[in-house]
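Reader: Please take a close look at one part of this model with me. I am a first-year student, so short steps would help.

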Amino acid sequence: MNPQTIPAKLPMDTDGACALSLECWRLSLIAEVLRDSSEGAGLRHAVRRITETLKEMGIEVVDFAGRPYDPGMVPEVVEVREDQGLPEGHAIIDETIAPTVTWRGQVINPGQIIVKRSFGRPQEHT
């Protein structure tokens with residue numbers, strides 16, 4: 001292959017960016033599980049490098065797990081679990097199924113989450 005025919009920058013479409021971001025996020029979760037192993041160190045380094053490259057492209061991954069839930073949030077809620085340990089009227093994001101992906105601050109993939117909320121009385125309609 002002639003090096004002169006290779007472009008300096010290769011294009012990446014939105015689907016490709018989202019797929020790469022999702023897989024990088026999944027690798028980061030595995031790296032956390034392997035935190036105390038030699039494999040974990042190498043994996044964390046790879047995740048850090050991929051994340052830096054994505055950021056240079058303006059792409060960021062947002063994992064909302066552990067944050068308070070607001071019904072106006074971007075991610076799709078795929079499940080709601082009731083938790084009697086939460087104060088009444090409170091809800092938190094229990095788990096991220098797929099993270100939210102942004103490009104230059106704009107959402108290009110809203111992600112999916114599981115929400116945990118307090119037990120509450122059903123709203124009465126008048």
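Author: Start with valine 33. This residue is exposed, because its relative accessible area is 71% and the cut-off for exposed is over 50%. Keep in mind that the model is predicted. Valine 33 sits in helix α1. It also belongs to a nonpolar surface patch, together with Leu27, Ile30 and Leu34. The patch covers about 330 Å².

Now look at the charged residues beside it. Glutamate 32 and arginine 35 join their side chains in a salt bridge, with 3.5 Å from N to O. How exposed is glutamate 32? It counts as partly exposed, at 43% relative accessibility. Arginine 35 is partly exposed too, with a relative accessible area of 43%. Side chains of opposite charge can pair when their charged atoms come close.

Next comes helix α2. This helix runs from residue 38 to residue 56, which makes 19 residues. From its first C-alpha to its last, α2 reaches 28 Å. That is close to the 27 Å expected at 1.5 Å a residue.

Which residues of α2 are buried? They are Gly40, Leu43, Val47 and Leu54. These four lie on the same side of α2, because they cover an arc of only 65° around the axis. An α-helix has 3.6 residues a turn, so residues three or four places apart point the same way. Part of the cover over the buried residues of α2 comes from α1, residues 14-33, and β1, residues 59-62. Valine 33, the exposed residue from the start, is in α1. Turn α2 around to the face away from its buried side. There you find the exposed residues Ser38 and Glu56. Just past the end of α2 comes glycine 58, which takes a positive phi of about 90°.

Now follow the chain onward. Arginine 67 lies in the loop between β1 and β2. It is partly exposed, with a relative accessible area of 40%. What does arginine 67 touch, apart from its neighbours within four places in sequence? Its contacts are Val62, Ile92 and Ile93. Aspartate 94 is 27 residues away along the chain, yet its C-alpha is 8.2 Å from that of arginine 67.

Back to salt bridges. The structure has 9 of them. One of these pairs glutamate 82 with arginine 117, at 3.2 Å from N to O. This pair links distant parts of the chain, 35 residues apart: glutamate 82 is in strand β2, residues 76-82, and arginine 117 is in strand β6, residues 112-117. Glutamate 82 is partly exposed at 39%. Arginine 117 is partly exposed as well, at 40% relative accessibility.

A second long-range pair is lysine 116 with aspartate 83, whose closest N and O atoms are 3.5 Å apart. Here the partners are 33 residues apart: lysine 116 is in strand β6, and aspartate 83 is in the loop between β2 and β3. Aspartate 83 counts as partly exposed, at 22% relative accessibility. Which network do these two belong to? Salt bridges link Lys116 and Asp83 with Glu79, Arg81, Asp94 and Glu95. Asp94 is already familiar as the residue whose C-alpha is 8.2 Å from that of arginine 67.

How values were computed:
Residues are numbered from 1 along each chain as its sequence is written. This is a predicted model: local features need pLDDT of at least 70, side-chain atom pairs count only at pLDDT 80 or more; totals for chains, interfaces and linings use all residues. Side-chain values use heavy atoms; hydrogens and water are left out. Helices (H or I, at least four residues) and strands (E, at least two) are DSSP runs, numbered from the N terminus. The expected span of a helix is 1.5 Å times one less than its number of residues. Buried means under 20% relative accessible area, exposed over 50%, partly exposed in between (1.4 Å probe, protein chains only). The arc is that of the directions from the helix axis to the C-beta atoms. Contact means heavy atoms within 4.5 Å. Patches are made of residues with over 30% relative accessible area and no salt bridge: like charges are joined within 9 Å, nonpolar side chains (Val, Leu, Ile, Met, Phe, Trp, Tyr) within 5 Å. Accessible areas come from the Shrake-Rupley method with a 1.4 Å probe; for residues, only the protein chains shown count as cover. A salt bridge is a side-chain nitrogen of Lys or Arg within 4 Å of a carboxyl oxygen of Asp or Glu.
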